[in-house]
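The following exercises ask the reader to reason from a structure to short, justified conclusions. Each task is followed by a worked solution.

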Amino acid sequence: MKGSGGRGRTNDPDTTKADAGRSRRRLLVTVLLLTLAGFLGRGAFLLVAGPDRPLVGDEPGYHGIAAAFLAGEGWHDGPFRATRPPLTSWLLTLVYLVTGPSAAAGRWSMVVMSALVAPIVFLIGRAYFGQASCAPLWAAIAWLVYPPSVFYAASLVTENLAALLSVAGVGGYLWAATSRSRWAAVLTGILWAGAALNRPAT
């Protein structure tokens, strides 16, 4: 009688704690693997395209604003004024403070930003659909292999930061709506403001 019912017990605190620990470890491993996969895939594409290739399209504008500002020439990409949204150039300015005005360093920062989108998509989906659903993982994988997300990650353009801020903004909104936390609302406002400073029109 001493051992009767022992094997069917499911509310053992030690077992529950162990299961929670395994679940957290699996979550952490998944997030890290998604981030690594995003970075390696986009980094490989950047290496093939050439980190130091000539600036094309919108790249000279965003790179030029940051480089000129660090050189003490003011914040502009044309006569006396800037014609581009500021946030991407602000980010490049921070990167160039460390590396100097290197387009290659700026492009690697774009790779990092794009790589962060997949784990955030996964975390949002997991919070919304539950940990038993496969939808969050497939959504994250879809971002990893989405061709434009790989292509733009190798360029100094606003699309990379726009994707990150958009996804993070959705996550912040869902967090604020479900938790009713003022800090979640503040974070969501900051993310949305950042998105507006990055791409005011889409």
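**Exercise 1.** In this predicted model, determine whether tyrosine 152 is buried, partly exposed or exposed.

*Solution.* Step 1: the relative accessibility of tyrosine 152 is 32%. Step 2: buried requires under 20%, and exposed requires over 50%. Step 3: tyrosine 152 therefore counts as partly exposed.

**Exercise 2.** Classify the geometry of the ring pair formed by phenylalanine 151 and tyrosine 152, and state which cluster contains these residues.

*Solution.* Step 1: a search of the whole structure finds eight aromatic pairs. Step 2: among them, tryptophan 75 and tryptophan 90 form a tilted pair, with 6.3 Å from centre to centre and 55° between the planes. Step 3: this pair links distant parts of the chain, since tryptophan 75 lies in the loop between helix 2 and helix 3 (87-99) and tryptophan 90 in helix 3, 15 residues apart. Step 4: the ring centres of phenylalanine 151 and tyrosine 152 are 5.5 Å apart and their planes stand at 70°, so this pair is edge-to-face. Step 5: Phe45, Phe151 and Tyr152 are linked into a cluster by ring pairs. Step 6: phenylalanine 151, at 48% relative accessibility, counts as partly exposed.

**Exercise 3.** Decide whether tryptophan 75 is buried or exposed, or falls in between, and do likewise for tryptophan 90.

*Solution.* Step 1: the relative accessible area of tryptophan 75 is 26%, so this residue is partly exposed. Step 2: tryptophan 90 has a relative accessibility of 41% and therefore also counts as partly exposed.

**Exercise 4.** Describe the surroundings of histidine 63.

*Solution.* Step 1: histidine 63 is located in helix 2 (residues 59-70). Step 2: its relative accessibility is 13%, so histidine 63 counts as buried. Step 3: leaving aside residues up to four places away in sequence, histidine 63 touches Leu55, Leu92, Tyr96, Pro101, Ser102, Ala103 and Leu156.

**Exercise 5.** Is helix 4 largely enclosed or open, and how does its span compare with the expected value?

*Solution.* Step 1: helix 4 (residues 103-115) has 13 residues and reaches 18 Å from its first C-alpha to its last, close to the 18 Å expected at 1.5 Å a residue. Step 2: 11 of the 13 residues are buried, so helix 4 is largely enclosed by the rest of the structure. Step 3: the buried residues of helix 4 include Ala103, Arg107, Met110 and Val111.

**Exercise 6.** Over the face of which residue does arginine 84 lie?

*Solution.* Arginine 84 lies over the face of tyrosine 62, at 5.3 Å from the ring centre.

How values were computed
Residues numbered from 1 in each chain as written. Predicted model: local features only at pLDDT ≥ 70, side-chain atom pairs only at ≥ 80, totals over all residues. Heavy atoms only, no water. Helix = DSSP H or I, 4+ residues; strand = E, 2+ residues; numbered from the N terminus. Buried < 20%, exposed > 50% of the residue type's maximum accessible area, 1.4 Å probe, protein only. Contact = heavy atoms within 4.5 Å. Expected span 1.5 Å × (residues − 1). Phe/Tyr/Trp six-rings, centres within 6.5 Å; stacked < 30°, edge-to-face > 60°. Lys NZ or Arg CZ within 6 Å of the ring centre and 35° of its normal.
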